[in-house]
Amino acid sequence: MARKIGYLRVSTVDQNPDRQVDGLRDLCDELHVETLSAVSRRRPVYEAVTAALRAGDIFVIWDLDRAYRSAKDALGELDALQQRGIHFHIAKLSIDTTTPTGRFLYTVMGGLAEFERLTLSQRTREGLLAARRRGSRLGRPPKLDDHQLRLARERLSRGETITALARTFGVAPWTMTRALRRGESCR
């Protein structure tokens with residue numbers, strides 16, 4: 001008997017998969033959730049789920065961008081699944097990839113998903129660049145402020161070790177070393 005196996009992904013633990021779970025729960029016999037960026041080279045949950053699929057099974061995802069990084073990746077995976085006799089269903093789009101029309105729509109949607117991801121990435125880079133040009137400090141706040149670094153330099157000049165200074169200020173020795181080398185607050 002064919003099984004309907006659902007796969008869903010969120011990029012970070014802060015993201016909530018409920019939307020995908022709600023969309024797949026009634027369609028699938030099993031759901032497998034992965035918390036990992038789409039651009040990660042290895043996706044252990046995805047790899048385990050697809051390896052366990054048998055001929056006749058239906059692999060179900062919510063949307064293309066939740067499973068694949070690019071149109072090429074999506075098409076390659078579709079071919080690999082179909083060669084093993086596994087059917088593929090995209091719940092959000094109701095696409096049946098076993099028909100020529102479904103395969104065409106899948107190809108177009110894969111291209112659109114890749115375009116969306118690349119566009120988002122480009123907008124993010126442009127926004128970060130604009131913020132830097134305006135003098136915004138990006139990244140985590142410094143662990144040590146300028147006053148603490150001045151005190152650390154004074155104590156270092158009197159012979160105190162980096163390890164002792166780091167312990168005093170509650171940071172790792174490497175953090176203290178890096179901050180002192182840069183001559184600015186550490187990140």
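This briefing describes how some helices, aromatic rings and single residues are arranged in the structure above. The model is predicted, and the values given here are computed from it. Three helices towards the end of the numbering are described as two packed pairs, helix 5 with helix 6 and helix 6 with helix 7. A search of the whole structure also finds 7 aromatic pairs, and a few individual residues are then placed in their surroundings.

**Helix 5 and helix 6**

- Helix 5, which covers residues 146-157, packs with helix 6, which covers residues 162-169, at an angle of about 150°, and their axes are 10 Å apart.
- Angles over 145 degrees count as roughly antiparallel, and helix 5 and helix 6 are therefore described as roughly antiparallel to each other.
- The crossing in which helix 5 passes helix 6 is right-handed.
- On the side of helix 5 the contact is made by Gln148, Leu151, Ala152, Arg155 and Leu156, while helix 6 contributes Ile162, Leu165, Thr168 and Phe169.
- Sorted by class, the residues in this contact of helix 5 with helix 6 are 6 nonpolar, 2 polar and 1 charged.

**Helix 6 and helix 7**

- Helix 6 also packs with helix 7, which covers residues 173-182, and here the angle is about 105° with the axes 8 Å apart.
- An angle from 65 to 115 degrees counts as roughly perpendicular, and helix 6 and helix 7 are therefore placed in that class.
- Helix 6 takes part in this contact through Ile162, Thr163, Leu165, Ala166 and Phe169, and helix 7 through Pro173, Met176, Thr177 and Leu180.
- The contact of helix 6 with helix 7 divides into 7 nonpolar and 2 polar residues, with no charged ones.

**Aromatic rings**

- Among the 7 aromatic pairs found in the whole structure, Tyr46 and Tyr68 form one that is edge-to-face, with 5.9 Å from centre to centre and 85° between the planes.
- This pair links distant parts of the chain, since Tyr46 belongs to helix 2 (residues 44-52) and Tyr68 to the loop between strand 3 (58-61) and helix 3 (71-83), 22 residues apart.
- Both Tyr46 and Tyr68 are buried.
- Ring pairs join Tyr7, Tyr46, Phe59, Tyr68, Phe88 and Tyr106 into a cluster.

**A buried residue in helix 1**

- Gln20 lies in helix 1, which covers residues 18-24, and this residue counts as buried because its relative accessibility is 2%.
- Leaving aside residues up to four places away in sequence, Gln20 touches Leu8, Arg9, Val10, Trp62 and Arg66.

**Two residues of helix 4**

- Leu105 lies in helix 4, which covers residues 100-133, and its relative accessibility of 38% means that Leu105 counts as partly exposed.
- Leu105 and Ser40 are 65 residues apart along the chain, and their C-alpha atoms are separated by 26 Å.
- Arg125 is also found in helix 4, and with a relative accessible area of 53% Arg125 is exposed.
- The C-alpha atoms of Arg125 and Leu53, which are 72 residues apart along the chain, are separated by 38 Å.

**A backbone angle in a loop**

- Ser94 lies in the loop between strand 4 (87-90) and strand 5 (95-96), and at 59% relative accessibility Ser94 counts as exposed.
- Phi of Ser94 is near 50°, which is a positive value in a residue other than glycine.
- As general background, most residues other than glycine have a negative phi.

Technical notes: Residues are numbered from 1 along each chain as its sequence is written. This is a predicted model: local features need pLDDT of at least 70, side-chain atom pairs count only at pLDDT 80 or more; totals for chains, interfaces and linings use all residues. Side-chain values use heavy atoms; hydrogens and water are left out. Axes are lines fitted to C-alpha atoms, for helices over the stretch in contact, and angles run from 0 to 180 degrees between N-to-C directions. Helices (H or I, at least four residues) and strands (E, at least two) are DSSP runs, numbered from the N terminus. Angles under 35 degrees count as roughly parallel, over 145 as roughly antiparallel, 65 to 115 as roughly perpendicular and the rest as oblique. A crossing is left-handed if the near helix is turned anticlockwise from the far one by less than a right angle, and right-handed if clockwise. Contact means heavy atoms within 4.5 Å. Ala, Val, Leu, Ile, Met, Phe, Trp, Tyr, Cys and Pro count as nonpolar, Asp, Glu, Lys and Arg as charged, and the others, Gly among them, as polar. Rings of Phe, Tyr and Trp (its six-membered ring) pair if their centres lie within 6.5 Å; planes under 30 degrees apart count as stacked, over 60 as edge-to-face and the rest as tilted. Buried means under 20% relative accessible area, exposed over 50%, partly exposed in between (1.4 Å probe, protein chains only).
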